[in-house]
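Subject: Handover of a structural model

Dear colleague,

Please find below the structure that I am handing over to you. My findings follow directly after it.

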Amino acid sequence: MEPKPITVTELNKYMKNKIEQDEFLKNVYIKGEISNFKHNSRGHFYFTLKDEHASISATMFSSSASKVKFEPADGMKVYVKGNVSVYEPSGTYQINCRSMEVSGLGDLMVAYEKLKKELEEKGLFNPALKKKLPLFPKKIGVITSPTGAAIRDIINTIKRRYPLTSILLYPAIVQGNDAKTDIARQIKLANKDNICDVLIVGRGGGSIEDLWAFNEKEVAYAIFESKIPIISAVGHEVDFTIADYVADVRAATPTAAAELATPNIDVLKENINFYVNEIDKRIKRIIDEKRRKLLNLDNLLDSKNPKETLKHKKEILKNYELRLRQEILTIIQNKKHLYELYKSRLDSLNPLMIMDKGYSILEVDNKIITDIKDVKIGDILTTKLKNGSIISKVTEVKDGK
């Protein structure tokens, strides 16, 4: 008896029930590589998970996608957990992912966090111990692969920005099991040579596994113990390696490291021109100021010149002499005037002047007789006239009464 035919819808529904009720398929753990990744505006992930021989469609809804700590991308190898379901209209099956982590990242991140905590507690990340980069390095050491893009980028950037410096390459393996030992050895060698002003240590970008040498304790201690300032230049912009934390300065890329290590010669030229102009202005101001001071001093010196002072003193002395002469003449005239006045008064009182008028002076025993009582009969009298004296004897005294 022929079986009764079923519809495609019925078959797909049957397969959906079978698959979604399978206990194993409710919680599968799959490793694969992401391709055709899409992150839509509602926060859902849509992608294909594949290996070398097969692929499966995958989804992750926003409720789960929001918990993923990295941004998935094509080519990334991941572990996903989820359940297998069937999309009934097309009869295709897919995995609905509940969690996602980078393949191999779990163990590496545990080791990373453990070492980071250990080194931080020991003070290897202490900002106070960071060394300053030189402003004008004469020689820059570069510890990286001699064949990678990093060294070319560093050389081109340094030569463009600051051709006055020279570059010394310390070639090192930067990936694989031997990389940590080689990088540490070259850092120590550069310190032993002690001819570089700054070291750039790093490589171009890559996966976390590719960059793992810069998360090793051996490299961390070599950087920390370096007497030469170190710029870490591991080619990734988002995540930090242990080397980034320990280094004196962290650069996101080798090119950025070269820029941090060198000044820009064009900017230096502009600064030099600016300072030259400023110096010229200041020198001109100083010269003008000194010229004004010199002129003032010259005028002051003229005023203090002994010849000028002597000339001035002579003029003052002449003025004093003229004033003195004038005062002397005035005094003489005054004295003459007083003399004439006193002389006139004396003349009016001088007996001799009275004699000129016919008067005489009568004396007895050299005493002027002013009263009749001053003489007696028999006294010898002397009568003084203008031109001589007369001697006589008193023979009679008459009272005027």
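In which sense do strands β1 and β2 pair, and over how many bridges? Strand β1 (residues 28-39) and strand β2 (residues 45-50) pair in the antiparallel sense, and the pairing extends over five bridges. Please note that this is a predicted model.

**The strands from β1 to β5**

The bridge partner of K38 in β2 is Y46. Five residues lie between the strands in the hairpin of β1 and β2, and G43 in this hairpin takes a positive phi near 95 degrees. Strand β1 is also joined to β4 by six bridges, and these two strands run antiparallel. Within that pairing, K31 has Y79 of β4 as its bridge partner.

Strand β4 (residues 77-87) pairs in turn with β5 in the antiparallel sense, over 10 bridges. One of the bridges to β5 sets V78 against V102. Strands β4 and β5 form a hairpin as well, with four residues between them, and G91 in its turn has a positive phi of about 70 degrees. Strand β5 (residues 92-102) further pairs with strand β3 (residues 55-60), here in the parallel sense and over three bridges. In this pairing T59 stands opposite N96 in β5.

**N12 and the turn residue G91**

The residue G91 appears again in connection with helix α1 (residues 8-21), in which N12 lies. How far apart are N12 and G91 in sequence and in space? They are separated by 79 residues in sequence, while their C-alpha atoms are 5.4 Å apart. Leaving aside residues up to four places away in sequence, N12 touches V86, E88, P89, S90 and G91. Is N12 buried or exposed? Its relative accessible area is 11%, which is under the 20% cut-off, so N12 counts as buried.

**The parallel sheet and helix α4**

A five-strand open sheet has the order β7-β6-β8-β9-β10, with parallel pairing. Its edges are taken by β7 (166-171) and β10 (249-250); each has a single partner strand, so one side of each is left without a neighbour in the sheet. Strand β9 (residues 230-234) pairs with β10 in the parallel sense over two bridges. The bridge partner of S232 in β10 is R250. Helix α4 packs on this sheet, where it touches β6 (139-144), β7 and β8 (198-203), and the direction of α4 makes about 165 degrees with that of β6.

**Helix pairs**

Two helix contacts deserve a description. In the one pair, the axes of helix α4 (residues 149-161) and helix α8 (residues 254-261) come within 8 Å and cross at roughly 30 degrees. Angles under 35 degrees count as roughly parallel, so α4 is roughly parallel to α8. The crossing of α4 past α8 is right-handed. On the α4 side the contact is made by A150, D153, I154, T157, I158, R160 and R161, and on the α8 side by P254, T255, A258 and E259. Sorted by class, these residues are five nonpolar, two polar and four charged.

In the other pair, the axes of helix α5 (residues 179-193) and helix α6 (residues 217-224) come within 8 Å, with a crossing angle of roughly 10 degrees. That angle makes α5 roughly parallel to α6. Which residues make the contact of α5 with α6? From α5 they are K180, T181, I183, A184 and I187, which meet E218, V219, A222 and I223 in α6. This contact divides into six nonpolar, one polar and two charged residues.

**The antiparallel sheet of four strands**

Towards the end of the numbering, an open sheet of four strands has the order β12-β11-β13-β14, and its pairing is antiparallel. The edge strands are β12 (367-368) and β14 (388-393), each of which pairs on one side only. Strand β13 (residues 380-385) pairs with β14 in the antiparallel sense over six bridges. Within this sheet, T383 stands opposite I390 in β14.

Yours sincerely,

A colleague

Definitions and conventions
Residues are numbered from 1 along each chain as its sequence is written. This is a predicted model: local features need pLDDT of at least 70, side-chain atom pairs count only at pLDDT 80 or more; totals for chains, interfaces and linings use all residues. Side-chain values use heavy atoms; hydrogens and water are left out. Two strands pair if DSSP finds at least two bridges between them. Axes are lines fitted to C-alpha atoms, for helices over the stretch in contact, and angles run from 0 to 180 degrees between N-to-C directions. Angles under 35 degrees count as roughly parallel, over 145 as roughly antiparallel, 65 to 115 as roughly perpendicular and the rest as oblique. A crossing is left-handed if the near helix is turned anticlockwise from the far one by less than a right angle, and right-handed if clockwise. Contact means heavy atoms within 4.5 Å. Ala, Val, Leu, Ile, Met, Phe, Trp, Tyr, Cys and Pro count as nonpolar, Asp, Glu, Lys and Arg as charged, and the others, Gly among them, as polar. Buried means under 20% relative accessible area, exposed over 50%, partly exposed in between (1.4 Å probe, protein chains only).
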